[in-house]
Amino acid sequence: MKVGAEECDDHDTDDGDGCSSTCEEEYLHRCSELANLTSVCIRYCGRDGYETGTDEECDDNNSSNNDGCDSDCKIEDLYKCTTNLLGVSVCSYVCGNGDYQSS
Ligand SMILES: [Ca+2]
Ligand SMILES: [Ca+2]
Ligand SMILES: [Ca+2]
């Protein structure tokens, strides 16, 4: 169960499963508690589209690189992303599109 300053507790001391060995939510993960006070952590990057208030810069609901939004949900160089009606990022390569963008 969660005590004091813990952000999560998944009954192990492993890193890389969403809840770290120091009981902190890991990068790009979100944890929620079950009724038995065990934390279940999921990686929100690569699902549910782009979510504001998270570490995502974009989310195209996949874990592929080189499509504008990389596997860590960061916008790749020379791409620009917008969010479609379903909340999913749509990224396009801005180099060579005839529209100079300085940033
Ligand atoms: Ca863990
Ligand atoms: Ca997401
Ligand atoms: Ca991608």
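Here is a short briefing on the fold and layout of this chain. The model is predicted, so please read it with that in mind. The chain has four strands and zero helices, and the domain assignment splits it into domain 1 (1-43) and domain 2 (48-98).

**Overall shape**

- Along the sequence, the strands follow the pattern β-β-β-β.
- The radius of gyration of the chain is 17 Å, well over the 13 Å that the globule rule gives for 103 residues, so the chain is more spread out than a compact globule.
- Taken along the principal axes, the C-alpha atoms fill a box of roughly 55 × 25 × 20 Å.

**Two domains**

- Domain 1 covers residues 1-43 and domain 2 covers residues 48-98 in the domain assignment.
- The centres of the two domains, taken over C-alpha atoms, are 27 Å apart.

**The hairpin of strands 1 and 2**

- Strand 1 (residues 29-33) and strand 2 (residues 39-43) run antiparallel and are joined by five bridges.
- One pair to look for in your viewer is histidine 29, which stands opposite arginine 43 in strand 2.
- The two strands form a hairpin with five residues between them.
- In the turn, leucine 37 has a positive phi of about 70 degrees.
- As background, side chains in a regular strand alternate between the two faces of the sheet.

**Burial and contacts**

- Of the 103 residues of the chain, 17% count as buried.
- Among contacts with a separation of 6 or more, 28% come from residues 24 or more positions apart.

Methods:
Residues are numbered from 1 along each chain as its sequence is written. Chains are lettered from A and ligands numbered from 1 in the order in which they are written. This is a predicted model: local features need pLDDT of at least 70, side-chain atom pairs count only at pLDDT 80 or more; totals for chains, interfaces and linings use all residues. Two strands pair if DSSP finds at least two bridges between them. Domain bounds come from an automatic or database domain assignment. The radius of gyration is taken over C-alpha atoms; the globule rule is 2.2 Å times the number of residues to the power 0.38. A residue is buried if 20 or more other C-beta atoms lie within 10 Å of its own, exposed if 12 or fewer, and partly exposed in between; C-beta atoms are placed from the backbone. Two residues are in contact if their C-beta atoms, placed from the backbone, lie within 7 Å.
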